[in-house]
Amino acid sequence: MLYTGKNYGESAPKAKGLCRYYIGVFDKKRGKMKVCDAEMFNLRPFINVVEKESTATSLSNDLSYIEKKDKLTSAFGSSRKRKAMESRLRNKVEAKELEKAMGSAVEMALSQERLNPPSTQDSFGSESSLIPPCNKDAQRVEDVYNLHDLISTAELEELTSSAKVFFDSTVTDIRIWKVDQIYPKYIVNHLSSLPLRENERWLKAKCLTYLSYLINLFNMKAKDLKRKDPLPREWPNRIRRNLSEKFTVKVNTNDGKKIITCIPARLKDKLLCHILVLALIIDDFSVEVGDLQMDTKVGVQRMQTHFQALGCQMKTHKIPLGDGQNLESRVALLKLPLVFPEMKPKTGKKRK
């Protein structure tokens, strides 16, 4: 079997641009090591398929000028040009996909119009049902949010079988899950630091399992929610039922012939708040928000607004990377006394 690897295109390794790789060549005679720059390749099986000349010619003729130019850039272009091309292709939205996405959004909006309008109390400025129960008078930061307000005792018991895969995870398992992106990045990065004590390890594994369910539900598309039973069947029954009751609603379609499940914006915010509070508990109330942003695809400003609504303070740390470059790391910190954002009353503009 022949294996090949490319450093461009779809098969290129999805490593961070800030990473650099080196290979050390050890000279046994001199007893010295020479360090050389290296590139990371993912090797895949290669099957040489001989196509007919006419077919290859017709395919080449069907390509547009831009597509032919992209092929040349992929094969012979500089690293900067390849990155610019890949960025342009990632941001390109096909007309059919846009039309389909717009259709789903319109149908979802029409479905939500039939729901009860949100109460004025459903805002971060007042006692809101969007935020888990919060003890603002707590004397210890551990007492501000209670884990059992997020996951009941019965749910923790039911999570035992599902969390066993995290409880028994090995370094090899974690490496495979990270490469294949089977679980959210935040979850995988925390598996390597599970406690050694059995009770603590079980609790952390169950919390991470439940958090993976919340992130999965948060990222569900409208078309997935339209299915008869949108939540995965491998989830425990009690948890599937409770998550559905807490964070989704069932509405009739525009023609009234079908009932579908949807997550209105109000419940989407509620779900995100539960994700962030559980992450605070897992991380001892100091969360590096980078992985959560990538897993939930939530922007910096929205993530910061939700953390502040939970009473957190946002801190920014700069991590030196060498060559005068720094990496900014945002940390959400929950500490006493709690600080909540002040809601300023809206004032209309005065007419001149």
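**Entry 1: α10 and α13**

I looked up how α10 and α13 are oriented in this predicted model, and I noted them as roughly antiparallel to each other, because their axes cross at roughly 155° and an angle over 145 degrees counts that way. The axes of α10, which covers residues 198–218, and of α13 come within 10 Å, and I recorded the crossing as left-handed. I then listed who makes the contact: from α10 the residues include Lys 204, Cys 207, Leu 208, Tyr 210, Leu 211 and Phe 218, while among those from α13 are Lys 268, Leu 271, Leu 272, His 274, Ile 275 and Ile 282.

**Entry 2: α13 by itself**

I next followed α13 along its length, from residue 265 to residue 282, and found that its 18 residues reach 26 Å from the first C-alpha to the last, which is close to the 26 Å expected at 1.5 Å a residue. I also checked its surroundings and wrote down that α13 is mostly covered, with 15 of its 18 residues buried.

**Entry 3: two positive phi values**

Which residue with a positive phi follows α13? I found Asp 284 there, in the loop between α13 and β7, the latter being residues 286–288. Its phi is about 55° although Asp 284 is not a glycine, and I noted this residue as exposed because its relative accessible area is 63%.

I then turned to Gln 181, which is also not a glycine and has a positive phi, near 55°. I placed Gln 181 in the loop between α8 (171–180) and α9 (185–191), and with a relative accessible area of 57% I entered it as exposed.

**Entry 4: Thr 261**

Is Thr 261, a residue of strand β6 (residues 259–262), buried or exposed? I recorded it as buried, because its relative accessibility is 4% and the cut-off for buried is under 20%. I looked for a partner of its side chain and found a polar contact with the side chain of Lys 250, at 3.0 Å. Leaving aside neighbours within four places in sequence, I listed Leu 225, Lys 226, Pro 230, Thr 248, Val 249 and Lys 250 as the residues in contact with Thr 261.

**Entry 5: a peptide bond**

Last, I looked at the bond that joins Leu 336 and Pro 337, and I noted it as a cis peptide bond with omega at about -5°. Pro 337 lies in the segment after β9, a strand that I have down as 325–333.

Methods
Residues are numbered from 1 along each chain as its sequence is written. This is a predicted model: local features need pLDDT of at least 70, side-chain atom pairs count only at pLDDT 80 or more; totals for chains, interfaces and linings use all residues. Side-chain values use heavy atoms; hydrogens and water are left out. Helices (H or I, at least four residues) and strands (E, at least two) are DSSP runs, numbered from the N terminus. The expected span of a helix is 1.5 Å times one less than its number of residues. Buried means under 20% relative accessible area, exposed over 50%, partly exposed in between (1.4 Å probe, protein chains only). A polar contact is a pair of N or O atoms within 3.5 Å; within protein, one must be able to donate a hydrogen and the other to accept it, and residues adjacent in sequence count only if both atoms are side-chain atoms. Contact means heavy atoms within 4.5 Å. Axes are lines fitted to C-alpha atoms, for helices over the stretch in contact, and angles run from 0 to 180 degrees between N-to-C directions. Angles under 35 degrees count as roughly parallel, over 145 as roughly antiparallel, 65 to 115 as roughly perpendicular and the rest as oblique. A crossing is left-handed if the near helix is turned anticlockwise from the far one by less than a right angle, and right-handed if clockwise.
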